[in-house]
Amino acid sequence: MRQSGIILAAMAVVAAGATEARAQSTSGRGALSPRAEITGSIPQGNAVARPAAPTPRRMAQAQPAKEWSGEDGASGHPLMTADAIRRSAANFERCVAGMWPEAARRGVSRESFARFTANLTPDLRIMDLMDAQPEFTKAVWDYLDILVTDARIARGREMLAKHAATFAAVEKAYGVDRYVIAAIWGIESNYGTQGGDRSVLNSTATLACVGRRQGYFKDEFLAALEILHHGDLTPQQMRGSWAGAFGATQFMPTAFKRFAVDFDGDGRRNTVDDIPDIIASTAAKFKKDGWVPGQTWGYEVEVPQGFNFLNADKSRQLTIAQWEHLGVRRPGGKPFPRTSDKAFLLAPGGADGPGFLMLGNFRAIMRYNPSEAYALAIGHFADRLRGGAPFAQEWPRQERVLSRTERYEMQQLLAQRGFYRGEPDGTLGSETRKALRSFQAAAGLPADGFASSGVLERLRGR
């Protein structure tokens, strides 16, 4: 959904920027109230607005709003400097008012625009969250430990049983595996109990007028206005993450517009607290994203000793029969259901961890959130809900996860040796992993692209 694209607090500690990853996977008086102020402390004496009162449903969860740090963003983007943020915040009312013509073209009435924008204030704390770059992230096995728990599995099975008729009807209508839908629901909001408490309209308005991704979030803000104008949801229902994802399965406003359905026929599309609409809307997105009915997401596999890990690449699609010819097997000799299916090999724990053959439905999950670790967690959680066992192979838990400083150093060393041509930023993206694999192959190591402390020491020449 997205970079869209928005995960629970547990997921936030697993991977920096996961929320923004999902967000990427949306005039009446025409002006804000003249008393609009800025949420978040701004140095130099600017007034600070008091946070809006929480709704009764959220009262127990509400926390005092943190203030903006007043510092430049870590991204270094010119629109994320403290001065640029202050200037944009001072222009917030004018910026929002300037979106009235586009809102009108989308069918939003002047009365609706005035009503829904009347009390908006820029929430500058979002700027700190948008540019957060934690020094440490978590390994994929820690990520799975956090997301796929016995308690969540038990709760998921309860929900599958309680809403069995709805899941069956949705599965028949859309051809999407009910266990994957239940897994998304469980991981995104713990079955509707945790979904964020920021005003989606206020957050998207802030991001549409302040910071480095204004174009993208302008579309999300206008989509949120459309949803409210059409009456599908109320502002109180549209509360979610800092980037605007909301509801039980955390749709961005533009995703809601495209995929939400009124499955129970009550005249409203409601992905917040209407169970049939939640389940069916999530299935509708998966169907449009290419979910193949009757096919799984992938298989855990054992990779043979001496395997050429340059074959472990998303661009290398082979049939299951071809992977078997290369020595790839399922644990315990379990057969593959269809050897004609095409898959790519993923080795998220390197040569010492389990491998996975990923089918087309894995890519469909990644269209919900473009993180391989997230998609693996969803697929595995779905299998556990179905009654499947934990992974058979051990993860290399002895490996220490590199800090951001060490990842930055690794990129610099790879660049010095001619393997990496990007700009070092401490993030292990596809280009960094490609460079790392090339170095590993040249050094006679398994070219698995795994950023271990041992590889860093090798790069240092020790």
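Which residues form one aromatic cluster? Trp-141, Phe-356, Phe-391, Trp-395 and Phe-450 do, and Phe-356 returns in the strand views below. This is a predicted model, in which local features need pLDDT of at least 70 and side-chain atom pairs count only at pLDDT 80 or more, while totals for chains, interfaces and linings use all residues. Residues are numbered from 1 along each chain as its sequence is written, and side-chain values use heavy atoms, with hydrogens and water left out.

**View 1. Strand β6 (residues 355–358) is joined by bridges to strand β3 and to strand β5.** Helices (H or I, at least four residues) and strands (E, at least two) are DSSP runs, numbered from the N terminus, and two strands pair if DSSP finds at least two bridges between them. Strand β3 (residues 298–301) runs antiparallel to β6, and the two are joined by 4 bridges; strand β5 (residues 342–346) also runs antiparallel to β6, with 3 bridges. Within these pairings, Val-301 has Gly-355 as its bridge partner in β6, Glu-300 stands opposite Phe-356, and Leu-346 has Phe-356 as its bridge partner.

**View 2. Side chains and glycines of β3 and β6 point to two sides.** In β3, Gly-298 and Glu-300 point one way and Tyr-299 and Val-301 the other way, and all are buried, where buried means under 20% relative accessible area, exposed over 50% and partly exposed in between (1.4 Å probe, protein chains only). In β6, Gly-355 and Leu-357 point one way, whereas Phe-356 and Met-358 point the other way, and all are buried.

**View 3. The rings of Phe-251 and Tyr-368 form a tilted pair.** Rings of Phe, Tyr and Trp (its six-membered ring) pair if their centres lie within 6.5 Å, and planes under 30 degrees apart count as stacked, over 60 as edge-to-face and the rest as tilted. The count by this rule comes to 19 aromatic pairs. For Phe-251 and Tyr-368 the ring centres are 6.4 Å apart and the planes stand at 55°, so the pair is tilted. Phe-251 lies in the loop between β2 (239–240) and α14 (253–259), and Tyr-368 in the loop between α17 (360–366) and α18 (372–385), so the pair ties together parts that are 117 residues apart in sequence. Both Phe-251 and Tyr-368 are buried.

**View 4. The charged end of Arg-213 sits over the ring of Tyr-216.** Its distance from the ring centre is 4.3 Å, the rule being that NZ of Lys or CZ of Arg is within 6 Å of the ring centre and within 35 degrees of the ring normal.

**View 5. A disulfide joins Cys-95 to Cys-209.** The structure holds 1 disulfide, defined as a pair of cysteine sulfur atoms within 2.5 Å, and here the S to S distance is 2.0 Å. With -90° about the S-S bond, the link of Cys-95 and Cys-209 is left-handed. Cys-95 lies in helix α4 (residues 92–97) and Cys-209 in helix α12 (residues 200–209), so the pair ties together parts that are 114 residues apart in sequence. Cys-209 counts as buried because its relative accessibility is 4%.

**View 6. Asn-190 and Tyr-191 each have a positive phi.** Most residues other than glycine have a negative phi. Asn-190, although not a glycine, has a phi of about 50°, and Tyr-191, also not a glycine, has a phi of about 60°. Asn-190 is placed in the loop between α11 (178–189) and β1 (198–199), and Tyr-191 is found in the loop between α11 and β1. At 24% relative accessibility Asn-190 counts as partly exposed, whereas Tyr-191, at 6%, counts as buried.
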